[in-house]
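Thanks for coming. I have one model to go through today, and I will keep to what can be read from the coordinates.

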Amino acid sequence: MSERVRLPGGLSLRPWEMSDAPAVREAFAEPGMERQADAPVVTVSDAGQWVGRRQEQWSRGAAFAFAVADATGTALGGVAVSDLDPRHATGWVSYWTGSAARGRGAATLGCRALADWCFAELELFRLELGHRTDNPASCRVALASGFVAEGLQRRKLVYDGIRYDVETHARLATDPAP
């Protein structure tokens, strides 16, 4: 199974490394980003634990998380596939970037490459993702990555006592490349 994928513009996908902990802490310190983490990431130690969980999931084959890195190897964000269902050949895709990388195509290029990797390496057929409807940037990434909007999950998520609708998207192995 290949662990590194070259992307246009000098970007690449690679597994998370402990040396990424400062970049992870910095990204999750941004307003709203704490919702992207499975546990609070306040310190570099917390970020190291976050990286460790990604590495442990990879080693078990439970999920595959990649850093989207620039030409110097600096992590700009991440893409992942989780909730793998081998029987149905499905997985759940997620992505995020730090503020310095937003609007530069890192999430879209990473998401496209992750989907291709999932179809080739994991032999998945269907990839799904969801985003809050008040996050148009995430919707643009999903659509530009070849994920077709499929529906609305009303009031699915709750943050700070406020409920949010989630739009779902999917990409099939048989869909045309974006």
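I will start with confidence, then take the sheet, the aromatic rings, two arginines and some backbone angles.

This is a predicted model. The mean pLDDT of the protein is 95, and 100% of the residues score at least 70. Among the elements, strand E1, residues 5–6, has the lowest mean pLDDT, 94, while strand E2, residues 12–15, has the highest, 98.

Now the sheet. Eight strands make up an open sheet with mixed pairing, in the order E1-E2-E3-E4-E5-E6-E8-E7. Which strands are at the edges? E1 and E7, the latter covering 148–159, each pair on one side only.

I want to spend a moment on E3. Strand E3, residues 64–69, pairs with strand E4, residues 75–85, in the antiparallel sense, over six bridges. E2 and E3 also pair in the antiparallel sense, here over four bridges. To put residues on that: Ser-12 has Ala-69 of E3 as its bridge partner, and Ala-69 in turn has Ala-75 of E4 as a bridge partner. Towards the start of E3, the bridge partner of Phe-64 in E4 is Val-81. E3 and E4 form a hairpin with five residues between them, and Gly-73 in that turn has a positive phi of about 95 degrees.

How many residues of E3 are buried? Six of the six, so the strand is largely enclosed by the rest of the structure. Phe-64, Phe-66 and Val-68 point one way from E3, and Ala-65, Ala-67 and Ala-69 point the other way.

Next, the aromatic rings. The structure holds eleven aromatic pairs. One of them is Trp-50 with Trp-96, which is edge-to-face, at 6.2 Å centre to centre and 75 degrees between the planes. Trp-50 belongs to helix H2, residues 44–60, and Trp-96 to strand E5, residues 90–97, so this pair ties together parts that are 46 residues apart in sequence. Both of these tryptophans, Trp-50 and Trp-96, are buried.

A second pair is Trp-58 with Phe-66. Their ring centres are 5.0 Å apart and their planes are at 75 degrees, so this pair is edge-to-face as well. Trp-58 has 13% relative accessibility and therefore counts as buried. Phe-66, which we met in E3, is buried with a relative accessible area of 0%.

Ring pairs also link Trp-16, Phe-28, Trp-50 and Trp-96 into a cluster. In addition, Trp-50 has a charge over its ring: the charged end of Arg-54 sits there, 4.5 Å from the ring centre.

That brings me to arginines, and first to Arg-132. Where is Arg-132? It is in strand E6, residues 126–132. Buried or exposed? Arg-132 counts as buried, because its relative accessibility is 18% and the cut-off for buried is under 20%. Leaving aside residues up to four places away in sequence, Arg-132 touches Arg-35, Leu-157, Tyr-159, Tyr-164, Asp-165 and Val-166. With Tyr-164 there is a further feature: Arg-132 lies over the face of that ring, at 4.2 Å from the ring centre. The side chains of Arg-132 and Asp-134 are joined by a polar contact of 2.9 Å. For a sense of distance along the chain and in space, Arg-132 and Arg-154 are 22 residues apart in sequence and 10.0 Å apart C-alpha to C-alpha.

The other arginine is Arg-171, in strand E8, residues 162–172. Arg-171 counts as buried at 3% relative accessibility. A polar atom of its side chain lies 3.0 Å from the backbone oxygen of Ser-145. With the same exclusion of sequence neighbours up to four places away, the contacts of Arg-171 include Arg-112, Asp-116, Phe-119, Phe-125, Ser-145, Phe-147 and Pro-178.

Last, backbone angles. Most residues other than glycine have a negative phi. Asp-83 is not a glycine, yet it has a positive phi of about 50 degrees. Asp-83 is in strand E4 and is exposed, with a relative accessible area of 60%. Arg-155 also has a positive phi, near 50 degrees, and is a residue other than glycine. Arg-155 is found in strand E7, one of the edge strands, and counts as exposed at 55% relative accessibility.

That is what I have. Questions are welcome.

Conventions: Residues numbered from 1 in each chain as written. Predicted model: local features only at pLDDT ≥ 70, side-chain atom pairs only at ≥ 80, totals over all residues. Heavy atoms only, no water. Buried < 20%, exposed > 50% of the residue type's maximum accessible area, 1.4 Å probe, protein only. Contact = heavy atoms within 4.5 Å. Polar contact = N/O pair within 3.5 Å; in protein donor to acceptor, adjacent residues only side chain to side chain. pLDDT = per-residue confidence, 0-100. Phe/Tyr/Trp six-rings, centres within 6.5 Å; stacked < 30°, edge-to-face > 60°. Lys NZ or Arg CZ within 6 Å of the ring centre and 35° of its normal. Pairing = 2+ DSSP bridges.
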